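Okay, thanks everyone, I'll keep this short. Have a look at the screen and I'll talk you through what I found.

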Amino acid sequence: MNTATGFIKAIQSGTKHIVMKRFTLRYPEEKLKFTGDGYQFDPKKGVGIAGTRGRHILFHDKCTGCQLCAIACEGIAEAITMVKVDEQWKQNKKSIMPQIDYGKCVFCGFCVDACPFYALYMTNDYELSAYTKTHLIYTPAQLAVKPRDDGEVEIKMGKRGAYHGR
Amino acid sequence: MSTLDDKINEINRLAIQITKDNDDDRLMNLSIGPQHPGSGHFRIVIKVDGDYIVYADPDIGYVHRGEEKMSEHRNFIQNIPHLERPVIHDSTNIIYSYSLAIEELIGINPPRRGQFVRAIAAELDRLVYTTYWLAIYGIFLGHSTMFMWPTGDRELIIDLLERMTGHRVTHAFSVPGGVRNDIPYNFKEKCLTQINYFEKRLKEYEDIFYNNPLLRQRTEGVGIMNKEDAIKLGVTGSVLRASGVPYDIRKVEPYDVYDEIDFKVQYMKSCDTFARAYVPYLDMKESCHIIRQLLDKMPDEGSVREKIVGNVKAQPGETYRRVESGRGALGYYIISDGSTKPYRLKISTGSFRNILALPFLLVGSKLGDMPAIYWALNYWPIEADR
């Protein structure tokens with residue numbers, strides 16, 4: 001290929017994009033839609049269920065305070081500590097539940113794999129910014145809250161290229 | 001004596017001479033890096049005589065993290081999140097060979113569907129890594145469109161991986177015994193549409209970048225490394241294939257389901273920087289082809305993970321398994337003493353092998369050719385330092 005046609009072809013392929021759709025996601029106004037309710041794990045089958053690995057959700061009525069999640073986290077991020085809670089549950093004699101420090105958590109989800117009682121899952125919540133480091137430490141009560149799921153945009157293909165659309 | 005030996009002797013002689021008369025005004029010292037003015041987290045010490053490089057020393061180790069020592073204090077599952085940190089863009093491939101090695105030590109075989117899902121994740125990750133590399137290669141040659149386009153299109157693949165694995169870059173997806181979760185329900189169709197669109201975009205890359213006369217002038221005939229030298233220097237991956245050696249671990253030592261897949265080993269015979277920049281692009285095209293086949297041949301039902309206990313014990317012994325990553329052969333050598341932790345773990349990475357060819361390529365070339373030669377080596381400093 002000679003030099004002139006090379007330049008012309010390069011400019012052509014660039015100028016074509018003037019009429020193409022913008023691919024950028026306008027983040028705070030638009031949020032991505034996720035496939036499921038977050039990463040979950042079935043200890044009977046030993047296989048997880050696909051989903052985004054965001055902040056955890058803790059089911060207080062199922063947690064037995066066995067500390068397996070904290071042990072799984074020991075060599076990874078050491079983000080989980082067991083703390084005393086005021087609630088009285090029949091299955092949780094010691095009244096201890098996990099407290100997660102999101103300043104340390106790497107969102108690998110191996111704590112979810114370790115939980116044999118379906119008590120700890122992950123959710124689609126990824127917006128965890130805080131003003132101080134102590135605000136990143138989520139107590140068992142904070143972890144029990146189900147996050148708001150308001151994502152509605154996903155990648156779509158059109159005649160004018162790929163874009164983020166509803 | 002071959003030309004390579006001559007050149008290596010010349011480099012050594014110059015190194016001794018330069019250290020002797022260091023106050024020579026004619027030569028100028030240049031320290032490129034280590035805090036990323038176009039070198040990654042890595043320093044190249046260069047001496048220039050006018051416009052020509054007479055001495056180059058790749059000074060690796062700036063981001064050394066001690067991954068190998070850390071691995072000795074964690075069990076086989078806990079090792080996964082920190083072992084994928086060296087290459088977060090290619091995290092499935094760096095864990096792939098680890099999983100294969102541990103599977104051999106424990107003595108389990110992943111289910112067939114799990115092998116397919118793992119291979120799909122590995123190929124998608126290769127696309128993510130290569131588009132990112134291409135973006136950096138573009139911007140350091142002054143082509144800012146080539147930075148924007150691959151960075152945007154990379155998002156298509158990252159979206160697929162996020163649906164599949166739960167995370168954008170550090171997936172922690174492949175584990176000893178298969179993968180952690182099955183693919184979501186509408187993944188197959190979505191993957192096919194996005195891969196088809198991505199392939200169309202790859203054709204546009206060729207028009208705007210690879211067939212661009214400006215890129216051709218900067219890369220063609222620059223930094224020649226012929227076949228014999230490449231084999232002698234021990235380079236791997238796209239750098240080796242650009243020197244005319246059709247060597248790909250997926251073909252030479254097929255792992256998991258790669259022996260059932262029909263694909264070509266992409267290589268070029270021109271041995272120059274353009275070939276080293278073009279072979280990863282050809283690999284991306286081939287990856288799209290492989291992903292389509294994997295989706296087609298994947299069994300519809302079945303488990304994806306062999307069940308193992310969390311604190312599993314390995315049999316005493318040693319093993320070495322490797323895979324083809326985005327940067328070449330990536331192998332794990334693991335010795336086990338029968339406990340729940342590896343006794344010794346050694347990572348052999350493609351980046352570390354390829355960077356050893358850098359002084360050979362740089363000495364004698366112009367300083368202006370440095371970015372083109374260096375980035376075409378497909379080097380990732382954090383992976384090499386480990």
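So, let's read along chain A first: the order of elements there is α-β-β-β-α-β-β-α-β-β-α-β-β. That comes to 4 helices and 9 strands. Before I go further, please keep in mind that this is a predicted model.

How spread out is chain A next to a compact globule? The globule rule gives 15 Å for 166 residues, and the radius of gyration is 23 Å, well over that, so chain A is more spread out than a compact globule. You can see it in the box as well: along the principal axes, the C-alpha atoms of chain A fill roughly 80 × 35 × 30 Å. As for burial, 31% of the 166 residues of chain A count as buried. And if you take the contacts in chain A with a separation of 6 or more, 68% of them are between residues 24 or more positions apart.

Right, on to where the two chains meet. Chain A puts 32 residues into the contact, and chain B puts in 33. Which elements of chain B give two or more residues to that side? Those are α6, residues 145-165, and α7, residues 187-210. The largest share comes from α6(B), with 7 residues. By type, the chain B side has 11 nonpolar, 12 polar and 10 charged residues.

Now stay with α7(B), since it also packs inside its own chain. Its partner is α12 of chain B, residues 273-297, and the axes of the two helices are 10 Å apart at an angle of about 160°. Anything over 145 degrees counts as roughly antiparallel, so that is what we call α7(B) against α12(B). The crossing of α7(B) past α12(B) is left-handed.

Who's actually touching there? From α7(B) we have, among them, B:Leu192, B:Ile195, B:Phe198 and B:Leu202. On the α12(B) side, the list includes B:Tyr281, B:Met284, B:Ile291 and B:Leu295. There are some charged residues as well, including B:Lys188 and B:Glu199 in α7(B) and B:Lys285 and B:Arg292 in α12(B). The count for this helix contact is 13 nonpolar, 4 charged and no polar.

A couple of backbone oddities next. Most residues other than glycine have a negative phi. A:Tyr118 isn't a glycine, yet its phi is positive, about 55°. You'll find A:Tyr118 in the loop between α3 (110-114) and β6 (120-122) of chain A. With 15 C-beta neighbours inside 10 Å, A:Tyr118 counts as partly exposed.

Chain B has a case too: B:Cys271, with a positive phi near 65°. B:Cys271 is in the loop between α11 (249-252) and α12 of chain B. B:Cys271 has 19 other C-beta atoms within 10 Å, and a residue needs 20 or more to be buried, so B:Cys271 comes out as partly exposed.

Last stop: A:Lys156, in strand β8 of chain A, residues 154-158. Is A:Lys156 buried or exposed? It's exposed, because there are 12 C-beta neighbours inside 10 Å. Beyond its neighbours within four places in sequence, A:Lys156 touches A:Ala162, A:Tyr163 and A:Gly165. A:Arg166 is 10 residues from A:Lys156 in sequence, and the C-alpha to C-alpha distance between them is 8.4 Å.

That's my tour, so over to you for questions.

Methods
Residues numbered from 1 in each chain as written. Chains lettered and ligands numbered in written order. Predicted model: local features only at pLDDT ≥ 70, side-chain atom pairs only at ≥ 80, totals over all residues. Rg over C-alpha atoms; globule rule 2.2 N^0.38 Å. Contact = placed C-beta atoms within 7 Å. Nonpolar A, V, L, I, M, F, W, Y, C, P; charged D, E, K, R; others polar. Axes fitted to C-alpha atoms, helices over the stretch in contact; angles between N-to-C directions. Parallel < 35°, antiparallel > 145°, perpendicular 65-115°, else oblique. Left-handed = near helix turned anticlockwise from the far one by under 90°.
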